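Please open the structure in your viewer and keep the sequence panel beside it. The tour below goes from one selection to the next and says what there is to find at each stop.

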Amino acid sequence: MEKFIIKGPTPSVRGSLDCSGAKNSALPLMASSILFNGTVILRNIPFVNDVKKMSDLLISLGSRVELFEKKKIIKITNKKKHKLVVPFKLISTIRAGVLAMGPLLGKYNRCSTAMPGGCSLGDRGIGFHLEGFKKLNCKYKVRGGYINITAKNGIKGNTYKFPKVSVTGTSNLVMASVLGNGTFFIKNASREPEVLDVIKFLKNGGARIYFIGKRTIKIIGVKKLNGCSHEVIGDRIEAFSYLCAAVITKGKIKINKINPKNLYAELKILKKMGCDLSIKGSSIEINAKKKLKPVKIKTLPFPGFATDNSPPLIAALTKVKGKSEIQENIFSQRFQCVPELNKMGALISIKKNKAIIIGTDKLYGSECISSDLRTTFSIILGALAASGTSIINRIYHGFRGYYQLEKKLKKIGVKIKRVR
Ligand code: EPU
């Protein structure tokens, strides 16, 4: 298995980076292609492993998928009727495969999907997705590890209120509704920039979708969606992860191709910590050379501070003098970076859903194991600031979602080696 080796402490990061397209936009956008007639073209695609797996999933369902990595483009054509089964072997490698349910139901009123099961972030059910589909006139049965869903008399307009904001749940319900009969209302919907990106794409193809309140979406069913092209938004989680590299190394870098509004809460926190930020158009420049202050944050659905951004921030705070607190409100096992950072000498304790970080002067290189995508980056950040050599195992988690991870780190001055 591949590992990263980082000899620290690395010098302060410097230079500039272009943000890749957002993985969490690309995945539902690709799934939503099932709904379209003809060809769709998606630009600014991050060719990360999850995207490649979503492409395999679409091919297994019968879509024609053409990948042009150099141009960052994916072309998807629906020539024939799709298969309606998402098999276990695909769902077990990409949880976001559940995003095929909405479009298959929307287009064919029927699908069978292997149950996604648990995940390293804790118990991640899809009960809201299923209850939502039920409201759209579907019935479902679980048999042999598969969820079989049918809308015998078609998808019909109704209202569904999410008990808790769900990102893929919202995308799934929107995708199931756009070709349905009547008017649909989705309440307590996600407003994550990635969900808005999917809505924009569907609207380009002819869907009628409107936000009629802060968290209420109205959809009027249409007969068909026409192939069109779309540019994926920049990845706000990737952008923030690299900003944290500047924080922990007291560096100065510029991140391009990112909408700063999509990092509203995160930039506010960086300012509060004392980082100098210069925001111009779609670029964010950070200078973290000053003495920084500890902070208290809570993760929340957008526009709050994103749960995916807490692991890099935890790492960045390990060297900020004083006591910081991060309260996690989305996932039960978000703090998997904590024992790994503590191996390096960080002083982090967990009390219920809070990580309490006491800043320390020194971290020491250690051998660590990554257990999820964002934890990988968090451990890398610790290793940048630690004295001595760090070995990071199971880095394949990182390649699920960070495009050209080593290349980008090297570009800002990090000395990192990938070994077997
Ligand atoms: N939830 C339920 N039942 C459901 C759906 C959600 O209980 O039917 C709960 C979850 O267990 C969680 C909360 O609701 O406690 C929110 O989960 P959500 O459904 O929003 O998560 P998701 O859609 O499965 C997406 C991202 C995650 C990101 C979360 C939160 C994609 C493909 N994944 O997951 O991204 O952490 O939203 O913002 O968009 C990552 O990129 O590293 C990642 C994990």
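Begin by selecting Tyr-160 and then Ile-186, which lies in strand 11 and is the bridge partner of Tyr-160. Bear in mind, as you look, that this is a predicted model.

Now widen the selection to strand 10 (residues 159-161) and strand 11, which run parallel and are joined by three bridges. Within this pairing, Thr-159 stands opposite Phe-185 of strand 11. If you add helix 6 (residues 167-177) to the view, you will have strand 10, helix 6 and strand 11 together, and these make a right-handed β-α-β unit.

Stay with strand 11 (residues 183-187) and show its side chains: which of them are buried, and which are not? Phe-184 and Ile-186 point to one face and are buried, while Thr-183, Phe-185 and Lys-187 point to the other face and are not buried. This follows a general pattern, since in a regular strand the side chains alternate between the two faces of the sheet.

Next, select strand 13 (residues 216-220), which runs antiparallel to strand 11 and is joined to it by four bridges. Here you can pick out Ile-220 of strand 13, the bridge partner of Thr-183. Strands 10, 11, 13 and 12, in that order, form an open sheet of four strands with mixed pairing. Strand 10 and strand 12 (208-213) stand at the edges with a single partner strand each, so one side of each is left without a neighbour in the sheet. From one strand to the next, the twist in this sheet averages 20°.

**A second sheet**

Move on to strands 19, 20, 22 and 21, which in that order form an open sheet of four strands, again with mixed pairing. Its edges are strand 19 (296-298) and strand 21 (347-351), and because each has a single partner strand, one side of each is left without a neighbour in the sheet. The twist averages 15° from one strand to the next. Strand 21 pairs with strand 22 in the antiparallel sense over five bridges, and if you select Lys-351, you will find that Lys-354 of strand 22 stands opposite.

Keep Lys-354 selected and add Glu-325, for these two residues form a salt bridge in which the closest N and O atoms are 3.6 Å apart. The pair links distant parts of the chain, with Lys-354 in strand 22 (residues 354-358) and Glu-325 in strand 20 (residues 323-327), 29 residues apart. Lys-354 is partly exposed, with a relative accessible area of 29%, whereas Glu-325 is buried, with a relative accessible area of 12%.

**Helix 8 and its surroundings**

Now select helix 8 (residues 236-249), and consider how far apart its end C-alpha atoms should be. At 1.5 Å a residue, its 14 residues should span 20 Å, and the end C-alpha atoms are 20 Å apart, which agrees. Since 14 of the 14 residues of helix 8 are buried, this helix is largely enclosed by the rest of the structure.

Look at each end of the helix in turn. Asp-235 caps the N-terminal end of helix 8, with a side-chain oxygen 2.9 Å from the backbone nitrogen of Ile-237. Just after helix 8 comes Lys-250, which takes a positive phi of about 55°.

From helix 8, select Glu-238 together with Lys-408, whose salt bridge has its closest N and O atoms 2.8 Å apart. This pair also links distant parts of the chain, with Lys-408 in helix 14 (residues 405-411) and Glu-238 in helix 8, 170 residues apart. Both Lys-408 and Glu-238 are buried.

**More salt bridges, and a glycine**

In the structure as a whole, a search finds 17 salt bridges. Another of them is between the side chains of Arg-64 and Glu-66, at 3.6 Å from N to O, and Arg-64 is partly exposed, with a relative accessible area of 43%.

For the last stop, select Gly-97, which is found in the loop between helix 3 (88-91) and helix 4 (101-108). Is Gly-97 buried or exposed? Gly-97 is buried, with a relative accessible area of 0%. If you add Glu-192, you will see two residues that are 95 residues apart in sequence and 19 Å apart in space, C-alpha to C-alpha.

Technical notes: Residues numbered from 1 in each chain as written. Predicted model: local features only at pLDDT ≥ 70, side-chain atom pairs only at ≥ 80, totals over all residues. Heavy atoms only, no water. Helix = DSSP H or I, 4+ residues; strand = E, 2+ residues; numbered from the N terminus. Expected span 1.5 Å × (residues − 1). Buried < 20%, exposed > 50% of the residue type's maximum accessible area, 1.4 Å probe, protein only. Polar contact = N/O pair within 3.5 Å; in protein donor to acceptor, adjacent residues only side chain to side chain. Pairing = 2+ DSSP bridges. Right-handed = clockwise from strand over helix to strand, strands pointing away. Salt bridge = Lys/Arg side-chain N within 4 Å of Asp/Glu carboxyl O. Axes fitted to C-alpha atoms, helices over the stretch in contact; angles between N-to-C directions.
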